[in-house]
Amino acid sequence: MTDLRFAWLEITGKCQLSCTHCYADSGPRGTEGAMTTRDWFRVIDHTAELGARSVQFIGGEPTLHPDLPSLVDRALDAGLTVEVFSNLVHVGPRLWDTFSRPGVRLATSYYSDTAAEHEAVTGRRGSHARTRANIAEALSRDIPLRAGVIDVSSSARIGRQRTHAAQADLASLGVTAVGVDRLRGIGRGANASPDRDQLCGRCGHGAVAISPTGEVWPCVFARWMSLGNILDTDLPTILSTTAITSPATAGPSCWPQGGGSCAPNDPPRL
């Protein structure tokens, strides 16, 4: 890869929620893996040196990583723009200060305008009210925010999902960037082994993902396609020496996670 523009940095596998469809299979028992904050600093520096313009901190739930503010600062200091993809269940004062910095954006997932339906997906009571309140708080602070409404109606816990009502609810709060995606057959959303038809077909073009264990993937959804490990080999070497074979046909866009180059010359979606 010689055209790196964007990186997903999956800094933890821990999350307060246990969403039925989680592509990362994260939850309360997840960990921060083997990557230290110093390792992430090195990844951020290399990402900027390779010409990337932006990074997205994801998980798990990235706000649970104790050094998220320092990681965001490092990325901004390296000249990168930052998006934090959070469930927005809990945001403390220090994180609000971090999210309010110029160059930082937020993204979140939303499932329904009703608490019962939203929480049937997340597996945690009270998560709907908290996420909704923190969306409103972010907008009141003029923090750029986008939301993805994920249709998981094929999940065993969910029948006909109120996706249109969820979009309208977000609009009523003032969210102007709202996308919709289907259930992905990755992680807990998979009925069988992952398949390449879950990918957009542009893996390895302009974007890369790095896991809490240091694994490097061409996309957060291509978790079975390891290109190497940061703890063994630095990112520039991995990207300059590893061949990436993308799917022959294009599948669905990777919009909900953002940033990937789903079509040639597309800018990162931040």
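**View 1. Helices H5 and H6 of the predicted model pack obliquely.** The axes of H5 and H6 come within 10 Å and cross at roughly 40 degrees. The two helices are therefore oblique to each other. (Angles under 35 degrees count as roughly parallel, over 145 as roughly antiparallel, 65 to 115 as roughly perpendicular and the rest as oblique. Axes are lines fitted to C-alpha atoms, for helices over the stretch in contact; angles run from 0 to 180 degrees between N-to-C directions.) H5 contributes His128, Arg132, Ile135, Ala136 and Leu139 to the contact, and H6 contributes Asp169, Leu170, Ser172 and Leu173. Contact means heavy atoms within 4.5 Å. By class, these residues are 5 nonpolar, 2 polar and 2 charged. (Nonpolar covers Ala, Val, Leu, Ile, Met, Phe, Trp, Tyr, Cys and Pro; charged covers Asp, Glu, Lys and Arg; the others, Gly among them, are polar.) Helices (H or I, at least four residues) and strands (E, at least two) are DSSP runs, numbered from the N terminus.

**View 2. Helix H6 (residues 163–173) has a buried side.** Thr163, Ala166, Asp169 and Leu170 are its buried residues. They cover an arc of only 115 degrees around the axis, which puts them on the same side of H6. (The arc is that of the directions from the helix axis to the C-beta atoms. Buried means under 20% relative accessible area, exposed over 50%, partly exposed in between, with a 1.4 Å probe and protein chains only.) The face turned away from the buried side carries exposed His164 and Ser172. Gly174 follows H6, with a positive phi near 110 degrees.

**View 3. Helix H4 (residues 115–122) meets helix H5 (residues 127–140).** Their axes come within 8 Å and cross at roughly 100 degrees. That makes H4 roughly perpendicular to H5. On H4, the contact is made by Ala115, His118, Glu119 and Thr122; on H5, by Ser127, His128, Ala129 and Thr131. This contact has 2 nonpolar, 5 polar and 1 charged residues.

**View 4. Helix H2 (residues 68–77) turns one face inward, with buried residues along it.** Leu68, Pro69, Leu71, Val72, Ala75 and Leu76 are buried. These residues fall within an arc of 165 degrees, so they line one face of the helix. Their cover includes helices H1 (37–49) and H3 (93–99), and strands E2 (54–58), E3 (81–85) and E4 (104–110). Gly79 follows H2, with a positive phi near 90 degrees.

**View 5. The largest nonpolar core holds 44 residues.** Leu9, Phe57, Val82, Phe99, Leu106 and Ile210 touch the most other members. The largest share, 5 residues, comes from H2. Another core, of 24 residues, lies apart from it and includes Trp8, Ala24, Ile58 and Val152. (A nonpolar core is a set of buried Ala, Val, Leu, Ile, Met, Phe, Trp, Tyr and Cys residues joined through side-chain atoms within 4.5 Å.) Leu9 touches Trp40, Val43, Ile44, Val55, Gln56, Phe57, Ile58 and Ile210, not counting residues up to four places away in sequence.

**View 6. Arg146 sits in strand E5 (residues 145–151).** At 4% relative accessibility, Arg146 counts as buried. The C-alpha atoms of Arg146 and Leu106 are 6.6 Å apart, although 40 residues separate them along the chain.

**Notes to all views.** Residues are numbered from 1 along each chain as its sequence is written, and side-chain values use heavy atoms, leaving out hydrogens and water. In this predicted model, local features need pLDDT of at least 70 and side-chain atom pairs count only at pLDDT 80 or more, while totals for chains, interfaces and linings use all residues.
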